[in-house]
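Please work through the following exercises with the sequence and the structure side by side, and try each task before reading its solution.

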Amino acid sequence: MRVARLPLLLLLVAVACALGVVTSQHKARKLFTELQKEKDEAQRMEVEWGQLQLEQSTWATPVRVEKIAASKLQMQLPKSGQIQFIRAEQPSPQSSGGATSHSTKPASGQVAGYPASGKGGNRAFSSWEKGEKGIDGANQQP
């Protein structure tokens, strides 16, 4: 009787192993198809990324920015007589704490590099010109 049980046990082990192989092969194929889908998606995203970089470089060209600034924002380059340059003094070796002093100030109502008045007003510096307090509560006028 013992001899008859051994082949039956071996047959059951062989069937279990065969089912295990079939199951693992099925899982492997399923994972492989998922991997292929993810690779295809990654490739598609790389192509889209390249297109977005190209589009960004097109949108940010200096000619386009200047054109929009002139047409939509009515901005214009200041004339050479409207530009002031301010030279900062070099800190002296005796100064402590690395503080620098600036003795040259722009003319009244002007900010370095910006015209004193222009078409449409200079709203960005209107509070500075009036000496109003800024966000941090400090007086904006030098």
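## Exercise 1: Confidence along the chain

In the chain, confidence is highest in α1, at a mean of 94, and lowest in α3, at 39. The model is a predicted one, and the task here is to find which stretches have a pLDDT under 50.

Solution. Begin with the whole chain, which averages a pLDDT of 76, with 63% of the residues scoring at least 70. Next, look at residues 99–106, where pLDDT stays under 50 and where the model has 13 contacts beyond four places in sequence. Then go on to residues 109–142, over which the pLDDT is also below 50, and for which the model has 39 contacts beyond near neighbours in sequence.

## Exercise 2: Elements and burial

State how many helices and strands the chain has, and what share of its residues counts as buried.

Solution. The chain has three helices and zero strands, and from the N terminus on the order of its elements is α-α-α. Of its 142 residues, 4% count as buried. The accessible surface comes to about 12,900 Å², and carbon and sulfur atoms make up 61% of that surface.

## Exercise 3: A salt-bridge network

Work out which residues are joined into one network by salt bridges that share partners.

Solution. A search of the whole structure finds two salt bridges. In one of them, arginine 44 pairs with glutamate 41, the closest N and O atoms being 2.5 Å apart; because these two residues are three apart in helix α1, about one helical turn separates them. Glutamate 48 also forms a salt bridge with arginine 44, with the closest N and O atoms 3.3 Å apart, and since these two lie four residues apart in helix α1, they too are separated by about one helical turn. Sharing partners in this way, the salt bridges join Glu41, Arg44 and Glu48 into one network. As for accessibility, arginine 44 is partly exposed at 43%, as are glutamate 41 at 32% and glutamate 48 at 38%.

## Exercise 4: Two exposed residues

Decide whether leucine 12 counts as buried or exposed, and find what sign phi has at glutamine 74.

Solution. Leucine 12 belongs to helix α1, residues 2–59, and its relative accessibility is 54%, so it counts as exposed. Together with Leu8, Leu11, Val15 and Leu19, Leu12 makes a nonpolar surface patch of about 500 Å². Glutamine 74 lies in the loop between α2 (62–71) and α3 (126–130), and its phi is positive, about 50°, although it is not a glycine. Most residues other than glycine have a negative phi. With a relative accessibility of 53%, glutamine 74 counts as exposed.

Technical notes: Residues numbered from 1 in each chain as written. Predicted model: local features only at pLDDT ≥ 70, side-chain atom pairs only at ≥ 80, totals over all residues. Heavy atoms only, no water. Patch = residues over 30% accessible without salt bridge, like charges linked within 9 Å, V, L, I, M, F, W, Y side chains within 5 Å. Areas by Shrake-Rupley, 256 points an atom, 1.4 Å probe, with all protein chains shown as cover. Salt bridge = Lys/Arg side-chain N within 4 Å of Asp/Glu carboxyl O. Buried < 20%, exposed > 50% of the residue type's maximum accessible area, 1.4 Å probe, protein only. pLDDT = per-residue confidence, 0-100. Contact = heavy atoms within 4.5 Å.
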